[in-house]
Amino acid sequence: MKVAAVFLALVGFASAFVPMAPKGTVSTRLFGYVPDGLTPEQYAQVQAKEKASKAANKKKAMKGSVETLTQFNARMEKKFPNQPGAGHVFVKLKGKALEDKLKPRAAN
């Protein structure tokens, strides 16, 4: 009797962890992500516009270009006349200039 009671208790306990069978047929279609309030066509247009703006941003003139100190000083004098040191900009090093900075210096 005790064995039957324990058996029924274990079966009842184990049935709580069995996944339930789906009710009816559920058809799922896999779509890509589309934000709420937009149709897939509108979202494709938004993505195309963002992609075009990113490509245009990479083509800007000063992005990653290297200018001489003379060009930099002339630009700063025009932008901030009679204000020495105004408009400080950190220098972007690329190519050989960057390699020269990374070389170890000889001990004196």
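Modeller: Before we start, helices (DSSP runs of H or I, at least four residues) and strands (runs of E, at least two) are numbered here from the N terminus. This is a predicted model, in which local features need pLDDT of at least 70 and side-chain atom pairs count only at pLDDT 80 or more, while totals for chains, interfaces and linings use all residues. Residues are numbered from 1 along each chain as its sequence is written, and side-chain values use heavy atoms, with hydrogens and water left out.

Colleague: So what pattern does the protein follow along the sequence?

Modeller: The pattern reads α-α-α-α, with four helices and zero strands in the secondary structure.

Colleague: Which of these elements has the lowest mean pLDDT, and which the highest?

Modeller: Taking pLDDT as the predictor's confidence in each residue, from 0 to 100, helix H4 (residues 96-102) has the lowest mean at 66, and H2 has the highest at 92. Over the protein the average is 76, and 64% of the residues score at least 70.

Colleague: How many aromatic pairs are there?

Modeller: Rings of Phe, Tyr and Trp (its six-membered ring) pair if their centres lie within 6.5 Å, and planes under 30 degrees apart count as stacked, over 60 as edge-to-face and the rest as tilted. By this rule there is one aromatic pair. The ring centres of Tyr 33 and Tyr 43 lie 6.0 Å apart with their planes at 85°, so the pair is edge-to-face. Tyr 33 sits in the loop between helix H1 (2-15) and helix H2 (40-58), whereas Tyr 43 belongs to helix H2, so that the pair links distant parts of the chain, ten residues apart.

Colleague: And is Tyr 43 buried or exposed?

Modeller: With buried meaning under 20% relative accessible area, exposed over 50% and partly exposed in between (1.4 Å probe, protein chains only), Tyr 43 is buried at 18%, while Tyr 33 is exposed at 63%. Of the 108 residues of the protein, 4% count as buried.

Colleague: Changing topic, what is the phi of Asn 82?

Modeller: Phi of Asn 82 is near 60°, a positive value in a residue other than glycine. Most residues other than glycine have a negative phi. Asn 82 is placed in the loop between helix H3 (69-79) and H4, and with a relative accessible area of 74% this residue is exposed.
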